Amino acid sequence: MTAGVAPTPFPPPLVAWRSTLIIFVITAIAMADRISIAMLIGPIKHDFGIGDFQASLLIGLAFTSFYVLFLMPIGWAADRFSRRRVLAMCLFIWSIATMACGWATGFASLFILRMLVGAGEAGMAPCSHGIIGDSFPRAALAKPLAMQGIGFQVGSAAGVAAAGAVLAAGAAGAFLGWPVVGDMAPWRVALIAIGLPGLLAIALIAWLHDPKEARSGPSAQAQRAEQPFLPFVRNNRILVALALLMSGVSAIGLGCVTAWIPEYLQRVHHVSPMQTGAKLGGLLLFAAFVGQGGYAVITDWLAARGVRDSALRVGMVPAALSVPVAWFAFQAASEADFLRWLTLLLLCIAPGNAISNTTVQLIAPTLLRSRLSAAAILSISIIGFTGGPALVGWLSQYMFGEARLGDALQLVMTASMAVSLLLMFLLRPRLKAYLG
């Protein structure tokens, strides 16, 4: 059973959904800043003279090294202080760092700047999940968390589409004569342009509902004292371990898609950067709204009718389907066939973010929401968005050969989807018992 704490009063639905919409926008900006480099990795490799493995480090390790280092401290700050202020500071840092990537002089400097992007974005999930978790009852969590997750994929789509458009415009000479960026390589212009909206979005932070402000005073201090993080984890170690591991492994699919599919389309199927951005961006948007949105509606519908483990019960269906789809997708011989398989694959893996977030927030006591969310994002970052893409890059460069990038993607994605399904199967009865 969950630890007992005084319940947090929920805000009016209009306020709660306003905050959710703002979080959707900020999440989309964060993901555009994070993912756009995958679309630009071809010209970056050319300019800096690096291979697939080094490229995978820029996409994954460079970002996640500081991201994982700062996740838990920021999660602690978000549980203790104003989540709005913490999020505003983080948004400023990652936006400035993304723009600065446009002035990187080589592999090392770009690696360091990507680390700073990761440090700033470490505040996104702990703050947003904490606000959403304290703004909606348990039976209604899937839809707002899915909306935040849709922002994740909308941002990914916007990032690759915008990067592809800037690359195409730069190749056509559209920026010649412009101040500051006129003499820059198009990939540099793209990073500067993609980082700018984050600075403008800081103004939205003031409209967020912050439940922390309603929990000030002696009673809040007493509640904090009753909710130490490590004892809670020790008392529920198997449940928490399975939830965190499931979060990380289930993210490998989307991590590999966002990191390597833009390059795969260009390298294997000879799709232009502009077409790659438009096609992949459109598919990500479609999968986000249909796959993740459909999952959320069904999950909350079942939860409202007493199915406490609906987050996993529903989630196991797309997880099971993703295993054969991931295998067959990379056997497609033509671009058209691959895009059809990719559409099915994205529909299957799109709910993964909502499955993980909803499960973690079902487990988390009120005053540990941001820290447990930070722990889940830590797992997602290390396993899903660093380990998975890095393994693909290593297999491609050192085992199969870079011409067989698809074989590396097929092996990693199929295996990870199968393990994710197994973890959901093991976690579901424990979650059901925990929720009573």
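1. A helix here is a DSSP run of type H or I with at least four residues, and helices are numbered from the N terminus. Serine 128 has its place in one of them, helix H6. Please keep in mind as you read that this is a predicted model.

2. Let us start with the overall picture. The protein holds 18 helices and zero strands. Its radius of gyration is 21 Å, close to the 22 Å that the globule rule gives for 436 residues, so the protein is as compact as a globular protein of that length. If you turn the model along its principal axes, the C-alpha trace spans about 60 × 45 × 35 Å.

3. Next, the inside and the outside. Of the 436 residues, 60% count as buried. The accessible surface comes to about 16,200 Å², and carbon and sulfur atoms account for 72% of that surface. Charges can be summarised too: the protein has 28 positive and 17 negative ones, and the mean positions of the two sets are 12 Å apart.

4. Contacts across the sequence deserve a look as well. Taking contacts between residues at least 6 apart in sequence, 84% join residues at least 24 apart. Some of the points below give individual examples of residues and their partners.

5. Back to helix H6, which covers residues 124–133. How many of the ten residues of this helix are buried? Ten of the ten are, so H6 is largely enclosed by the rest of the structure. The buried residues include Met124, Pro126, Cys127, His129 and Ile132.

6. Serine 128 is a good residue to zoom in on within H6. With a relative accessibility of 0%, serine 128 counts as buried, because buried means under 20%. A polar atom of its side chain lies 2.8 Å from the backbone oxygen of methionine 124. The backbone oxygen of alanine 125 is 3.3 Å from a polar atom of that side chain. Not counting residues up to four places away in sequence, serine 128 touches Ile23 and Gln148.

7. Now move to helix H13, residues 273–303, where you will find glutamine 292. Is glutamine 292 buried or exposed? Glutamine 292 counts as buried, at 0% relative accessibility. Its side chain reaches the backbone oxygen of alanine 350 at 3.4 Å. A polar atom of the same side chain lies 3.3 Å from the backbone nitrogen of alanine 354.

8. The surroundings of glutamine 292 are worth displaying in your viewer. Leaving out residues up to four places away in sequence, glutamine 292 touches Ala146, Gly149, Ile150 and Gln153, among others. Its contacts also include Ala287, Pro351 and Asn353, along with Ala350 and Ala354.

9. Glycine 393 sits in helix H17, which runs over residues 369–400. This glycine counts as buried, with 0% relative accessibility. Which residues is glycine 393 in contact with, leaving aside its neighbours within four places in sequence? They are Asp52, Phe53, Ser56 and Trp260. Glycine 393 and alanine 259 are 134 residues apart in sequence, and their C-alpha atoms are 9.7 Å apart in space.

10. Aspartate 337 belongs to helix H15, residues 335–349. Its relative accessible area is 32%, and aspartate 337 is therefore partly exposed, a term used between 20% and 50%. Aspartate 337 is 193 residues from proline 144 in sequence, and the two are 34 Å apart in space, C-alpha to C-alpha.

11. Two loop residues may catch your eye when you check backbone angles. Valine 180 has a phi near 70°, a positive value in a residue other than glycine. You will find valine 180 in the loop between helix H7 (142–171) and helix H8 (186–201). Its relative accessible area is 64%, and valine 180 is therefore exposed, as the cut-off is over 50%.

12. The second loop residue is histidine 270. Its phi is positive, about 55°, although histidine 270 is not a glycine. Where is histidine 270 found? It lies in the loop between helix H12 (252–268) and H13. At 65% relative accessibility, histidine 270 counts as exposed.

Methods. Residues are numbered from 1 along each chain as its sequence is written. This is a predicted model: local features need pLDDT of at least 70, side-chain atom pairs count only at pLDDT 80 or more; totals for chains, interfaces and linings use all residues. Side-chain values use heavy atoms; hydrogens and water are left out. The radius of gyration is taken over C-alpha atoms; the globule rule is 2.2 Å times the number of residues to the power 0.38. Buried means under 20% relative accessible area, exposed over 50%, partly exposed in between (1.4 Å probe, protein chains only). Contact means heavy atoms within 4.5 Å. Accessible areas come from the Shrake-Rupley method with a 1.4 Å probe; for residues, only the protein chains shown count as cover. Lys and Arg count as positive and Asp and Glu as negative; His and the chain ends are not counted. The place of a charge is taken as NZ of Lys, CZ of Arg, CG of Asp or CD of Glu. A polar contact is a pair of N or O atoms within 3.5 Å; within protein, one must be able to donate a hydrogen and the other to accept it, and residues adjacent in sequence count only if both atoms are side-chain atoms.
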